[in-house]
Amino acid sequence: MRVQYFLIAFLLSMIMWVLSFDVARDAYHVAESAHLIPNEHIRHRLSHIL
């Protein structure tokens, strides 16, 4: 029974991580398209990560 709880908690945390990453990526793209991110170094670094 404890293994099931651990598995459920792990899967929920992975889903939450993916959702938060998706929201952060979308927010970055919206800010970039609105020209709210002036630092070219940040955009260059993030483009390699994303």
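In this predicted model, the side chains of Arg25 and Asp22 meet in a salt bridge, with a nitrogen-to-oxygen distance of 2.7 Å. That distance lies within the 4 Å allowed between a side-chain nitrogen of Lys or Arg and a carboxyl oxygen of Asp or Glu, and therefore the contact counts as a salt bridge. Side chains of opposite charge can pair when their charged atoms come close. Both partners belong to helix α1, where Arg25 and Asp22 are 3 residues apart, which is about one turn of the helix. Arg25 is partly exposed, at a relative accessible area of 32%, and Asp22 is likewise partly exposed, at 31%. A search of the whole structure finds 1 salt bridge.

The aromatic side chains offer a further contact along this helix. A search of the whole structure finds 1 aromatic pair, and this pair is formed by Trp17 and Phe21, whose rings are stacked with 5.6 Å from centre to centre and 10 degrees between the planes. The pair is called stacked because its planes are under 30 degrees apart. Trp17 and Phe21 are 4 residues apart in helix α1, which spans residues 2-33, so that about one helical turn separates them. Trp17 counts as exposed, with 52% relative accessibility, whereas Phe21 is partly exposed, with a relative accessible area of 36%.

The relative accessible areas of residues discussed in this report are set out below.

| Residue | Relative accessible area | Class |
|---|---|---|
| Phe6 | 62% | exposed |
| Trp17 | 52% | exposed |
| Phe21 | 36% | partly exposed |
| Asp22 | 31% | partly exposed |
| Arg25 | 32% | partly exposed |

Which residues form a nonpolar patch on the surface? The patch is made up of Phe6, Leu7, Phe10, Leu11 and Met14, which together have about 520 Å² of accessible area. Phe6, one of these residues, is placed in helix α1 and counts as exposed, because its relative accessibility of 62% is over the 50% cut-off.

For the chain as a whole, the secondary structure consists of 2 helices and 0 strands. Of its 50 residues, 4% count as buried, a class that requires a relative accessible area under 20%. The chain exposes about 4,800 Å², and carbon and sulfur atoms supply 71% of this area. Helix α1 thus brings together several of the features described here, including the salt bridge of Arg25 with Asp22, the pair of Trp17 and Phe21, and Phe6 of the nonpolar patch.

Methods:
Residues numbered from 1 in each chain as written. Predicted model: local features only at pLDDT ≥ 70, side-chain atom pairs only at ≥ 80, totals over all residues. Heavy atoms only, no water. Phe/Tyr/Trp six-rings, centres within 6.5 Å; stacked < 30°, edge-to-face > 60°. Buried < 20%, exposed > 50% of the residue type's maximum accessible area, 1.4 Å probe, protein only. Patch = residues over 30% accessible without salt bridge, like charges linked within 9 Å, V, L, I, M, F, W, Y side chains within 5 Å. Areas by Shrake-Rupley, 256 points an atom, 1.4 Å probe, with all protein chains shown as cover.
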